[in-house]
Amino acid sequence: MKLSKEEIIDLLKQRGLEVNDLYPTQISVIVNKENLINHLVYLKSIGFDHLSFINAVDFIDEGEFELVYHVWSYTNKVHVLNKVRIDRNDPKIPTIVDLWEQAQFYEQEVHEFFGIVFEGNKDLSPLFLENWLDIPPLRKDFDTREFSIRLFDAKPNGGDR
Amino acid sequence: MTSRWDVERFGIGPMATPRQADVLLVTGYVSLKTLKRIIRTYEQMPEPKWVLAFGSCTVNGGIYWDSYNTITNLAEYIPVDITVSGCMPRPEAVMDALQTLMKMIQSGEAGAYKKYKENYEYYKANQDRVLRKTYPILGEKLIQNEEAATSIE
């Protein structure tokens, strides 16, 4: 059964969630950490069969990470951004690999670049970085320029080589 | 390097493996993972061999100079005979560089692979410094890092 975007917004509002209408085919939902799995299972049951991506945003001033689960429906033609805020000092969230298998790689990547632990995920080994010993590189408190200057002897504007 | 430019008229052609090649073209920015493979490829090539570094990124990092995963100067890790600057260089620039390299080989100027053997400790130390880090570059073990960096130099 095809649902329109307005019907989806109504359904989610009835479940007590804060919904924002962003674009003709895109909405965002704010979920809390405890409710996340329930919410994603519900979305999957109403036709949202495709998890496109998981990404993280570092809100360093607020001491929080925001995880965004991008979910798309081929029947409803609606893209839902599910936003979850978690504590930056204790970045843990339950895994969703059991729900969508492709989440394995997205969770590995987010773990590698932000240090967020997906509880229950059996393999959080690095995908891209080799022999990385510093803090995860996409956190806002990681100074990539200073790192490059120290390790690779980088010179601003190309130096005078 | 395709039929439009027809480099074979200058006696230049791609080879199937590094073991059959004379010149290694390093095109574009070099990440740490790529660097490891470039060194491996370079050391597999039989002598005499030459390296052509292509684009600004291999000379000083180009627009990726402050990236945490991109090296800034390829010549610190393997010996480079000739560089082509630009981002991106035109195919004509590559053909010109290869012809210049031929002239340099004729006149005996191009012999960086000999430099690699003579100064192997220097290159190896630079390679190990970035590929086999044993301590965080930023962070609480900072002082140890600076000591280690000076001892390598």
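**View 1. D6(B), in the segment before strand 1 of chain B.** In this predicted model, D6(B) sits in the stretch that comes ahead of strand 1 (23-27) of chain B. Look at the backbone here: phi of D6(B) is near 50 degrees, a positive value in a residue other than glycine. How covered is D6(B)? D6(B) has a relative accessible area of 38%, so D6(B) counts as partly exposed.

**View 2. K77(A), a second non-glycine residue with positive phi.** Over in chain A, K77(A) has a phi near 55 degrees, again a positive value in a residue that isn't glycine. The spot is the loop that runs between strand 4 (64-72) and strand 5 (79-87) of chain A. Is K77(A) buried, partly exposed or exposed? With 44% relative accessibility, K77(A) falls in the partly exposed class, because that class lies between the 20% and 50% cut-offs.

**View 3. Cis peptide bonds in chain B.** Zoom in on E47(B) and P48(B), and you'll find them joined by a cis peptide bond with omega at about -5 degrees. P48(B) belongs to the loop between helix 1 and strand 2 (50-54) of chain B. Now move along to C87(B) and M88(B): a cis peptide bond links this pair too, with omega at about -10 degrees. Where does M88(B) lie? M88(B) is in the loop between strand 3 and helix 3 (91-107) of chain B.

**View 4. A nonpolar surface patch on chain B.** Which residues form the nonpolar patch? Y29(B), I63(B) and Y64(B) do, and together they offer about 340 Å² of accessible area on the surface. One of them, Y64(B), is placed in the loop between helix 2 (56-60) and strand 3 (82-84) of chain B. Y64(B) has a relative accessible area of 34%, which means that Y64(B) is partly exposed. That value also clears the patch rule, because patch residues need over 30% relative accessible area.

**View 5. Chain A as a whole.** Before going closer, here's the layout: chain A has 4 helices and 7 strands. Read from the N terminus, the elements go α-β-β-α-β-β-β-β-α-β-α. The C-alpha trace of chain A spans about 65 × 35 × 30 Å along its principal axes. Of its 161 residues, 46% count as buried. If you take the contacts in chain A with a separation of 6 or more, 51% of them are between residues 24 or more positions apart. Chain A exposes about 8,400 Å², with 51% of that area coming from carbon and sulfur atoms.

**View 6. E7(A) and its link to S4(A).** E7(A) is part of helix 1 of chain A, which covers residues 5-14. Its side chain reaches back to the backbone nitrogen of S4(A), at 2.8 Å. Even with that link in place, E7(A) is partly exposed, at a relative accessible area of 40%.

**View 7. Where chain B meets chain A.** How many residues does each chain put into the contact? Chain B brings 29 residues and chain A brings 28. Between them the two chains bury about 2,500 Å², and 56% of that is on carbon and sulfur atoms. On the chain B side, W65(B), Y68(B) and L138(B) supply 33% of the area buried against chain A, more than any other three residues.

**View 8. Polar pairs across the interface.** The tally between chain B and chain A comes to 3 salt bridges. One pairing to look for is R37(B) with E130(A), whose side chains meet in a salt bridge at 3.5 Å, N to O. Counting polar contacts across the interface gives 14 residue pairs, both partners at pLDDT 80 or more. Which elements of chain B give two or more residues to the side that touches chain A? They are helix 1 (32-44), helix 2, helix 5 (120-131) and helix 6 (142-152). Helix 1 of chain B gives the most, with 4 residues.

**View 9. S148(A), touching both chains.** S148(A) lies in helix 4 of chain A, residues 144-152. Leaving out residues up to four places away in sequence, S148(A) touches D153(A) and A154(A) in chain A, plus W65(B), D66(B), S67(B) and T72(B) in chain B. Is S148(A) buried or exposed? The relative accessible area is 0%, so S148(A) is buried. Among the residues S148(A) touches is W65(B), one of the three that supply 33% of the area chain B buries against chain A.

How values were computed: Residues numbered from 1 in each chain as written. Chains lettered and ligands numbered in written order. Predicted model: local features only at pLDDT ≥ 70, side-chain atom pairs only at ≥ 80, totals over all residues. Heavy atoms only, no water. Patch = residues over 30% accessible without salt bridge, like charges linked within 9 Å, V, L, I, M, F, W, Y side chains within 5 Å. Areas by Shrake-Rupley, 256 points an atom, 1.4 Å probe, with all protein chains shown as cover. Salt bridge = Lys/Arg side-chain N within 4 Å of Asp/Glu carboxyl O. Buried < 20%, exposed > 50% of the residue type's maximum accessible area, 1.4 Å probe, protein only. Contact = heavy atoms within 4.5 Å. Buried area = accessible area lost by both parts, 1.4 Å probe. Polar contact = N/O pair within 3.5 Å; in protein donor to acceptor, adjacent residues only side chain to side chain.
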